[in-house]
Amino acid sequence: MTITCDTLLDRVADANGQQILDPATGQLVGKVRFRTVDELDSAIERARLAQRSWAERRDEDRAADLLRAADAIDAVAEPLAELLSREQGKPLNGPNARFEVGACASWLRATAATTLPGEVLLDDDSGHAELHYRPIGVVGAVGPWNWPMMITTWQIAPALRMGNSVVVKPSEYTPLSVLALAHVINQALPEDVLQVLPGGGDLGQRLSSHPDVGKLMFTGSTTTGQAIIKASADTVKRLTLELGGNDAGIVLPDVDPRAIAEDLFWGAFINTGQTCAALKRLYVHTDVYDDVCAALVEVAAKMPMGRGLDEANVLGPLQNRKQFDIVARLVEAARRAGATVLIGGDPDHQAVGNFYPTTLVADIDNTNPLVVEEQFGPALPIVRYDDLDRAITMANDLDTGLGASVWSANPESARTVATRLQAGTVWINSHGGVHPMIPFGGIKKSGYGLEFGVEGLKGVSVPQVING
């Protein structure tokens, strides 16, 4: 049987549920029934029971199941990408829907290939001690709407690899994509080891406080992350929190503006700016400021934006109207304050679809709300500087610290600056790229805990020392 997007929808949608609309067209994608707290409690109990036998399986058998799950995703990659494009809004092409689905399979394979063996800590006349990592039990995962499939995979792959069961609550905006992904992955897993329950904040709160959930993984806003910390306190739940970011990039005066312009653009505008670790404020030395601005405008002007199912587009709508309104408010505030809108701005508020034009804003003060607040959309403020120490101070001045970048023709100069930036990851001459073997996580109010690679496996397990 040929699997299509509609076939997947038939298997995960509910005719009596809430409507999920295409953010590009306003058309119905499908309906989904939000689950109750009682249903969540029942799912957690089933996950608790299923986890026992899952943890007893050999490590290599669990890895093999993840590989089979990756193959299952590859077999239906195109309908998954179509569903993702329709629900989230991102185009099929560019670093978007097809890229995201492919990343799900790649991350499963990389996680299957990563091991966390025991370690001999001491072995001499004074004694013998070993460190091992054991499953936690039930892991809860609460995902976002910007990269719903990929970030859910980031959460569930290491948890399953280490012998945990997982209960996922996807974003209310993009539940169909995650339900479809889990439906495909579950072809390779035992029953109840992975469950997805769509719902509202009440389900997230219950996952945060449920005594049988030993670990919670969350990607989203700092405000929600703070609420999770409070709700999890009574059960002393382990947490991995990847929260808001307002990533800074610093361009040194030795760059070739045209050579870096496209990489700068995608660092900021990947997924139409709806990425936690996107470049959200750019500091450019005065010697190259005008040329960098001009080169970015040239790149931005040629990037087509429109409905994701149109193969020509590489930029799409904002996923929801609330986010559209945030971006519109911040750009308009910058304009009123005297900043220069080089390209974009002026959205059509009456048009169908949440399309906000690709926007570059120059001559802007570092204290402007478009710089200080996380816009999470296709608008990039470009701040001029003439003193590097001042640029570093401005970059570090906010209470977020997910990522940052330095742009220079001299890698050593860039690394020197990178060591002074307060961020969990600092990229050199790129921004936002992640790799399944390179740990990723934020500092300050961008969260705590590491994902990916061996450190990611440690984050979804509990250490046990055997001494003697």
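Which element gives the most to the lining of the largest pocket? In this predicted model, that element is α9, which supplies 6 residues to the lining. The pocket itself encloses about 1100 Å³ of space, and it is lined by 41 residues, of which F218, G220, S221, T222 and T224 are the closest to its centre. Besides α9, spanning residues 222-232, the elements that give two or more residues to this lining are α8 (201-209), β8 (213-219) and α12 (321-336). By residue class, the lining of the largest pocket comprises 14 nonpolar, 20 polar and 7 charged residues. Both domain 1 (5-243 + 446-467) and domain 2 (248-428) are represented in the lining of the largest pocket, each with at least three residues.

The second largest pocket holds about 380 Å³ of space. Its lining is made up of 23 residues, and those nearest the centre are I270, T275, G432, G433 and V434. Two or more residues are given to this lining by each of α5 (97-113), α6 (148-161) and α10 (257-269). The composition of the second lining is 14 nonpolar, 7 polar and 2 charged residues. For the second largest pocket, too, at least three lining residues are drawn from each of domain 1 (5-243 + 446-467) and domain 2 (248-428).

With regard to annotated positions, an unreviewed UniProt entry lists E242 under "active site". In the model, E242 is placed in strand β9, which covers residues 238-242. E242 counts as buried because its relative accessibility is 4%, and the cut-off for that class is under 20%. When residues up to four places away in sequence are left out, E242 touches F218, T219, G220, C276, L402, F440, S446 and E451. Among these contacts of E242 are F218 and G220, which also belong to the residues closest to the centre of the largest pocket.

On the scale of the chain, the unreviewed UniProt entry assigns the annotation "domain: Aldehyde dehydrogenase" to residues 18-460. Over residues 18-460, the model is 41% helix and 21% strand, and the C-alpha atoms at the two ends of this stretch lie 33 Å apart.

Key
Residues are numbered from 1 along each chain as its sequence is written. This is a predicted model: local features need pLDDT of at least 70, side-chain atom pairs count only at pLDDT 80 or more; totals for chains, interfaces and linings use all residues. Side-chain values use heavy atoms; hydrogens and water are left out. On a 1 Å grid over the protein atoms alone, a cavity is a set of points where a 1.4 Å probe fits but cannot get out, and a pocket is an open set with protein on both sides within 12 Å along at least five of seven lines; lining residues have an atom within 4 Å of a point. Grid points are joined across faces, edges and corners, and a volume is the space filled by probe spheres set on the points. Helices (H or I, at least four residues) and strands (E, at least two) are DSSP runs, numbered from the N terminus. Ala, Val, Leu, Ile, Met, Phe, Trp, Tyr, Cys and Pro count as nonpolar, Asp, Glu, Lys and Arg as charged, and the others, Gly among them, as polar. Domain bounds come from an automatic or database domain assignment. UniProt positions are given in the numbering used here, feature names are shortened, and annotations may be inferred rather than shown by experiment. Buried means under 20% relative accessible area, exposed over 50%, partly exposed in between (1.4 Å probe, protein chains only). Contact means heavy atoms within 4.5 Å.
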